[in-house]
Amino acid sequence: MEAVSSKMAWLALAFAVAAAASVTPPCAAQNSPQDFVNQHNTPRANVSVGPVSWSDTVAAYAQGYAAQRAGDCKLVHSGGPYGENLFWGSAGYAWAAADAVGSWVAEKQYYNYGTNTCSAPAGRTCGHYTQVVWRTSTAVGCARVVCSNNGGVFIICNYYTPGNVIGQSPY
């Protein structure tokens, strides 16, 4: 009886290990190109703006710049040819696409469409939100890196065409 019980426990353990090995890590599954696109397209649809699609070209630019920031995790814009949103999350949490894009979209509360102005309190902005929903931005490419020295996570999304054109409304 003990041998049967031991064999059943071993089989259950082997099955659990095999099942766990076949599952995609949650962090990777939450940072796919489609995850980033979906996170952008929901708030865009909410203001009747067309969807963005993933661009491998824009994503390659984002990945190159994210690699440069992996050493220091500083929120410094690249100054490149695309619109750009940056996100940093502290170490100890598996920050994902939903966290980054969600933080940018949360700025909507400060944006006044009627006056095309931002009424954010000191230290807050609306520009990340308006870039997410910018009507002429049709392509997005994003990248995520874990920063060295336990510096957290750096996420960047770049947009073609760039948004936040002074004097223009995002939608």
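**Notebook: helices H5 and H3, the cores and Asn31**

I looked up helix H5 (97–105) and found Ala97, Ala100, Val101 and Trp104 buried (under 20% relative accessible area, with exposed meaning over 50% and partly exposed in between; 1.4 Å probe, protein chains only). Viewed down the axis of H5, these buried residues lie within an arc of 85°, so they line one face of the helix; the arc is taken from the directions from the helix axis to the C-beta atoms. The model is predicted: local features need pLDDT of at least 70 and side-chain atom pairs pLDDT 80 or more, whereas totals for chains, interfaces and linings use all residues. Residues are numbered from 1 along each chain as its sequence is written, and side-chain values use heavy atoms, without hydrogens and water. Helices (H or I, at least four residues) and strands (E, at least two) are DSSP runs numbered from the N terminus.

I then asked what covers the buried residues of H5. The cover includes H3, strand E2 (83–89), H6 and E6.

Next I turned to H3. I compared its length with expectation: at 1.5 Å a residue, its 14 residues should span 20 Å, and the end C-alpha atoms are 21 Å apart, which agrees (the expected span is 1.5 Å times one less than the number of residues). I listed Phe36, Val37, His40, Asn41, Pro43 and Arg44 as the buried residues of H3. They cover an arc of only 170° around the axis, which puts them on the same side of H3. Ala45 and Asn46, on the other side of H3, are exposed. I noted that the buried residues of H3 pack against strand E1 (53–54), H5, H6, E5 and E6. After H3 comes Ser48, with a positive phi near 60°.

I examined the largest nonpolar core (buried Ala, Val, Leu, Ile, Met, Phe, Trp, Tyr and Cys residues joined through side-chain atoms within 4.5 Å). Among its 22 residues, Phe36, Trp104, Val140, Ile155, Cys157 and Tyr159 touch the most other members. H3, H5, helix H6 (127–132), strand E5 (139–146) and strand E6 (153–160) each supply at least two residues of this core. A second, separate core has 11 residues, including Ala70, Leu86, Val145 and Ile156.

Finally I located Asn31 in the loop between helix H2 (26–29) and helix H3 (33–46). Asn31 counts as buried because its relative accessibility is 16%. Not counting residues up to four places away in sequence, Asn31 touches Phe36, Trp95, Ala96, Ala97 and Arg144 (heavy atoms within 4.5 Å). A polar atom of the Asn31 side chain lies 2.8 Å from the backbone nitrogen of Ala97.

Technical notes: A polar contact is a pair of N or O atoms within 3.5 Å; within protein, one must be able to donate a hydrogen and the other to accept it, and residues adjacent in sequence count only if both atoms are side-chain atoms.
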